[in-house]
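Hi,

Here is the structure I promised to send over. Have a look first, and my notes follow underneath.

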Amino acid sequence: MMLQKILATFLSFFIALILLGCTGKKSSKKLTVPVGQAVADTLVKLDDTTACHVHVEFAYLKGEKYGTVNDSLLRMGLLQPDYFSISNERLVPEKAVREFVRRYIAEYRDMARLIRETEKGLSKLNWNLDIHTQFIPGKGNGIVCLSSIRLENSGVGPLTYVIARNFDPETGKLITLQNEFGNDYKKRLGEKIAEKLEDMDATTAFGGVKAYPTENFILTDDSLTFIYTPGELDSKERRITIEY
């Protein structure tokens, strides 16, 4: 019985090491597009001990020719909560980031008002949200936007996770796994992930189900990295990289 426990612990440890992974081989490619940053930083205090702090640094492509691309980027869920995915307006980075902060602060005030009506304490009303996006070279002419998010609110957190979106810088079109690997990509990539785990029990790492590819991924010329956000496989972010 003791031996079984030791073996199970040993197996879990090595699966965790593999899932932590890395983002693949280092690339010497450099971005050739002009990049700007839309920045907003706001602190709203309810009293001396209760406040909401929001900091956003959103990367975008500079120049009128990239207007459509930036509009698309703002609809990809890189900013969380995702206020803009179904917006009918043409989105401009600086204005959109300010609007994002305004909406988040408005939600904070509404929540504070609700808690004040139902609870005496305000201990759960210290909110912090920090979002920083950046670009890295992707596969071919593609670009990957990485959004690093750190969240604390209502007693939750700190929760840190990364959202990755691959896109065409000429059109702003999202690059999907189906685009790259065909209609049977789930089966094919799931098998590749299981192979990456070698002889270990992949279903253990995936909570009793078959290994599957997440749509949160980084695609480069020589690797494909899947990013599983906290709560998807376990309480931490996990990454699996397939090199080719």
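Strand 1 (residues 35-45) and strand 2 (residues 51-61) run antiparallel and are joined by eleven bridges. Strands here are DSSP runs of E with at least two residues, helices are runs of H or I with at least four residues, and both are numbered from the N terminus. I call two strands paired if DSSP finds at least two bridges between them. The link from strand 1 to strand 2 is a hairpin of five residues. If you want to check the register, Val 39 stands opposite Glu 57, and Leu 43 stands opposite His 53.

Before you go further: this is a predicted model, so to speak of a local feature I need pLDDT of at least 70, and side-chain atom pairs count only at pLDDT 80 or more, while totals for chains, interfaces and linings use all residues. Residues are numbered from 1 along each chain as its sequence is written, and side-chain values use heavy atoms, with hydrogens and water left out.

On its other partner, strand 2 pairs with strand 3 (residues 127-137) in the parallel sense, over six bridges. His 53 has Asn 128 as its bridge partner there, and His 55 stands opposite Asp 130. Strand 2 is mostly covered, with nine of its eleven residues buried. Buried means under 20% relative accessible area, exposed means over 50%, and partly exposed is in between (1.4 Å probe, protein chains only).

Now the whole sheet. It is open, has five strands in the order 1-2-3-4-5, and its pairing is mixed. Strand 1 and strand 5 (156-167) are the edges, each pairing on one side only. From one strand to the next the twist averages 10°. Helix 3 (residues 93-118) packs on this sheet and touches strand 1, strand 2, strand 3 and strand 4 (143-153); its direction makes about 160° with that of strand 2. For the angles, axes are lines fitted to C-alpha atoms (for helices over the stretch in contact), and values run from 0 to 180 degrees between N-to-C directions. A contact means heavy atoms within 4.5 Å.

Helix 5 (residues 185-196) is worth a look too. Its twelve residues reach 16 Å from first C-alpha to last, close to the 16 Å expected at 1.5 Å a residue; that expected span is 1.5 Å times one less than the number of residues. Which of its residues are buried? They are Tyr 185, Leu 189, Gly 190 and Ile 193. These four lie on the same side of helix 5 because they cover an arc of only 115° around the axis, the arc being that of the directions from the helix axis to the C-beta atoms. Lys 187 and Glu 195, on the other side, are exposed. The cover over the buried residues includes helix 4 (177-181), strand 7 (223-228) and strand 8 (238-243). After helix 5 comes Glu 198, with a positive phi near 55°.

One more residue: Ile 218, in strand 6 (residues 217-219), is buried with a relative accessible area of 3%. Ile 218 and Gly 138 are 80 residues apart in sequence, yet 7.4 Å apart in space, C-alpha to C-alpha.

Overall, the protein has six helices and eight strands, and 41% of its 244 residues are buried. Of the contacts between residues at least 6 apart in sequence, 52% join residues at least 24 apart.

Cheers
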